[in-house]
Amino acid sequence: FWVARLCHLFFEGQAMLTANLSFEDLGANWDVSDTALQIGGSKIEIFRSSQLSWSTRRFDGGQLLWIGEVADPFEAADAEIRSDLYRDFDAAEGICLIVHDNDQRVELVRTCAGNCPIYVARGKGRLAISWRFEDAVAVLDRAEPDILMCQRYINDGMNQVRDQVIAGVQMLWPAERAIIDQSSTKFEQMPSPQALMPAQFAEGAVATDEFLRLIAEAMSENVSRANGALVELSGGLDSSCVAFAAALLERPISSCGVIHTGPVGVQQSSRRNEIIELCSLQDFTYPAAKDLTYQSLGLPGFGVTPFDEMYRLQCSNLLDLVRSTIPELDLVLTGMGGDELVKDHTLYRTDYEVAGYTSSSAVVAAACRSDLFMRLGLWPKSPLIARPVVDFCRSLPKKIREDRQIHKLALVRSGVSDAFLFPRYYEHFGYVSDLSARSFDFDDYFSTSAIHDWRIYDIDTVLEQAREATLYGFTPELRTTLFFLCKLEAVLRSYV
């Protein structure tokens with residue numbers, strides 16, 4: 001079967017998992033090349049990224065494929081494959097695919113760290129495992145909406161849920177395990193995490209230095225491997241802290257930002273310029289109002305996944321602009337999860353969400369950003385959702401977490417002005433979203449509707465509200481409902 005009991009292959013510059021497997025092939029030889037892994041007639045797709053490595057190894061009773069930001073951390077423990085070790089590993093994102101030879105069974109295990117979405121689906125005698133939603137849908141015997149999950153998507157938006165809006169597609173989240181055979185898929189959620197409680201400062205403590213150091217540590221290996229690294233810099237507290245932490249690594253870093261219109265945009269540009277100068281960043285910008293949110297949903301590729309960014313088109317066009325100057329760009333650093341660092345009760349979940357070590361909104365936001373970046377061949381890193389950063393902030397006294405004081409103090413000590421910390425305007429994309437909604441014909445968009453045909457939601461009532469809002473203005477709640485309605489409609493049209 002293999003020349004040796006253990007045959008280990010390691011490749012630099014590979015990428016996250018995309019597998020389409022026939023259960024009949026699971027006992028076949030693994031034929032490994034530098035671009036793919038062939039198992040009989042089945043294939044695991046590999047594409048290039050400086051940020052990820054992969055390796056295979058044989059163990060007694062099966063074979064294991066590791067893909068992650070570091071080499072297999074438990075390769076030496078080849079006597080026994082312990083999924084719990086991988087699930088508790090928080091130093092890097094990674095996933096194990098374990099094939100058990102005797103019973104045509106596949107085991108999937110994710111590390112605790114994670115940004116990337118991983119979808120799982122069975123059908124047509126095959127198993128799909130991929131970060132691309134459409135790969136999972138493709139193996140289903142028939143694509144139909146999951147009515148309940150569609151309704152939750154419209155009402156609540158994106159959440160850390162198992163079942164997706166297309167019935168039969170499920171998500172494997174960080175620190176989870178899935179056991180899959182021809183007849184069933186069984187998931188094990190993250191074991192109940194132990195949350196640290198707030199403590200008190202030791203005499204002379206300076207928490208802000210450690211805060212930035214931990215953020216820097218969470219992305220240091222990624223930055224050191226990158227051919228070109230970019231910070232998403234909105235000018236807010238979270239992305240600014242990431243920029244200052246990245247500067248501690250003393251590596252060339254660029255920045256980019258989608259810029260608001262009017263006086264809010266002037267303020268945003270001024271605040272960003274402070275960070276750009278202090279961190280010596282090469283910066284790129286794109287106007288937020290140049291592309292409209294709702295109108296973009298009719299473009300090719302914008303109905304592919306339900307886990308998506310509301311401002312995907314603006315961000316994609318901005319990244320195209322960056323890559324025209326920095327073609328070697330391969331890493332994007334985000335500030336996703338910064339709001340949640342100072343909140344209480346971040347382990348709380350709705351009754352239909354899965355467990356996690358930090359706020360579900362932070363994990364979901366990171367997954368959405370990952371889809372955007374990975375489709376452009378870029379690896380995303382969100383250091384603010386790293387477990388050491390989350391645990392550190394949980395252990396801080398409540399006073400320094402209130403009103404995001406930890407962020408503000410870190411920025412003050414890094415050199416920002418008082419005007420940066422206390423801006424006149426609240427910087428938000430609500431204006432651009434409202435402009436898009438006012439100029440969008442929702443009646444025409446829903447003149448033929450999968451949501452209506454499948455009796456998922458009462459669209460007529462929302463359309464009446466949209467007609468009135470076109471004259472008097474859209475509330476944030478109505479804009480959000482309309483976006484998820486339109487997004488879901490685009491997704492269902494792509495598959496159902």
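A residue counts as buried when its relative accessible area is under 20%, and as exposed when that area is over 50%. This cut-off is used below, first for the whole chain and then for one residue. The structure is a predicted model.

Of the 496 residues in the protein, 58% count as buried. The surface that the protein exposes comes to about 20600 Å², and carbon and sulfur atoms supply 50% of it.

The overall dimensions come next. Along the principal axes, the C-alpha atoms fill a box of roughly 70 × 65 × 45 Å. A compact globule with 496 residues would have a radius of gyration near 23 Å, and because the protein has 23 Å, its value agrees with that expectation.

The chain forms 18 helices and 19 strands. If one takes the contacts between residues at least 6 apart in sequence, 71% of them join residues at least 24 apart. As for charge, the protein carries 46 positive and 68 negative side chains, and the centres of these two sets lie 1 Å apart.

A single residue, E309, shows how the cut-off is applied. E309 lies in a loop, with α7 (293–296) on one side and α8 (312–325) on the other. Is E309 buried or exposed? Its relative accessibility is 17%, so E309 counts as buried, since the limit for buried is under 20%. Which residues does E309 touch, leaving aside its neighbours within four places in sequence? E309 is in contact with A365, C368, R369, L372 and F483.

Terms used: Residues numbered from 1 in each chain as written. Predicted model: local features only at pLDDT ≥ 70, side-chain atom pairs only at ≥ 80, totals over all residues. Heavy atoms only, no water. Helix = DSSP H or I, 4+ residues; strand = E, 2+ residues; numbered from the N terminus. Rg over C-alpha atoms; globule rule 2.2 N^0.38 Å. Buried < 20%, exposed > 50% of the residue type's maximum accessible area, 1.4 Å probe, protein only. Contact = heavy atoms within 4.5 Å. Areas by Shrake-Rupley, 256 points an atom, 1.4 Å probe, with all protein chains shown as cover. Lys, Arg positive; Asp, Glu negative; His and termini not counted. Charge placed at Lys NZ, Arg CZ, Asp CG, Glu CD.
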